[in-house]
Amino acid sequence: MDDVVGLALLSAGALIVGGVVKGALGVGLPLVAVPLLALWLPAAQAIGLLAAPVVLSNLLQALEGGRLAPTWQRFRWLVLAQLVATVLTVRMTLNLSPAQLSAMVAAAVLLAVLLLALQPDVQIS
């Protein structure tokens, strides 16, 4: 039973750290929480565990802005494309070995850190 409580506390801590980063920067919950969770959980479980918190935090962030209709109008195709990409990605990751999935998580984190460091000037109109 102590192992379960310890894992729950560690997992809650990873989500809190990810939430603090998202609160401070507006992005970063999965970028921070997945690698932390993957230290004690299989990568597939770490990714799956974040599905609800990511959707909830994004929804709360959208509602907090108060401009839900114009924001949806502007980004609806991006949201729909992300939904399709998520479904396809889940199907693809189910066929990966744990080592392959861990390598992909590591590559995604390194790419995100690189992009944050370089800060490319990308405009969405």
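This briefing describes the fold, the helices and the surface of one protein chain.

The structure is a predicted model, in which local features need pLDDT of at least 70 and side-chain atom pairs count only at pLDDT 80 or more, while totals for chains, interfaces and linings use all residues. Residues are numbered from 1 along each chain as its sequence is written, and side-chain values use heavy atoms, with hydrogens and water left out. The chain holds 6 helices and 0 strands; helices (H or I, at least four residues) and strands (E, at least two) are DSSP runs, numbered from the N terminus.

**Overall architecture**

- Read from the N terminus, the order of elements is α-α-α-α-α-α.
- The C-alpha trace of the chain extends over about 50 × 30 × 30 Å along its principal axes.
- Of the 125 residues in the chain, 14% are buried; buried means under 20% relative accessible area, exposed over 50%, and partly exposed in between (1.4 Å probe, protein chains only).
- Among contacts in the chain with a separation of 6 or more, 51% join residues 24 or more positions apart, where contact means heavy atoms within 4.5 Å.
- About 9300 Å² of the chain is exposed, and carbon and sulfur atoms supply 73% of that area. Accessible areas come from the Shrake-Rupley method with a 1.4 Å probe, and for residues only the protein chains shown count as cover.

**Helix H4 and the residue after it**

- Helix H4 covers residues 51-65, and its 15 residues reach 22 Å from the first C-alpha to the last, close to the 21 Å expected at 1.5 Å a residue. The expected span is 1.5 Å times one less than the number of residues in the helix.
- Gly66 follows H4 and has a positive phi, near 80 degrees.
- Asn58 belongs to helix H4 and counts as partly exposed because its relative accessibility is 37%.
- Asn58 and Gly26 are 32 residues apart in sequence, yet their C-alpha atoms are 9.3 Å apart in space.

**Helix H5 and the nonpolar patch**

- H5 spans only 32 Å between its end C-alpha atoms, whereas a straight helix of 26 residues would span 38 Å at 1.5 Å a residue.
- At Phe75, H5 bends by about 65 degrees; the bend is the angle between axes fitted to the seven residues ending at a position and the seven starting there.
- Trp77 is found in helix H5, which runs over residues 68-93, and Trp77 is exposed because its relative accessible area is 60%.
- Trp77 joins Trp72, Val79, Leu80, Leu83 and Val87 in a nonpolar surface patch with about 620 Å² of accessible area together. Patches consist of residues with over 30% relative accessible area and no salt bridge, with like charges joined within 9 Å and nonpolar side chains (Val, Leu, Ile, Met, Phe, Trp, Tyr) within 5 Å. A salt bridge is a side-chain nitrogen of Lys or Arg within 4 Å of a carboxyl oxygen of Asp or Glu.

**Helix H6 and its distant partners in sequence**

- Val113 is placed in helix H6, residues 98-118, and is partly exposed because its relative accessibility is 46%.
- Although their positions lie 85 residues apart along the chain, the C-alpha atoms of Val113 and Gly28 are separated by 10 Å.
- Ala103 also lies in helix H6, and Ala103 is partly exposed because its relative accessible area is 46%.
- Ala103 and Ala43 are 60 residues apart in sequence, with 9.6 Å from C-alpha to C-alpha.
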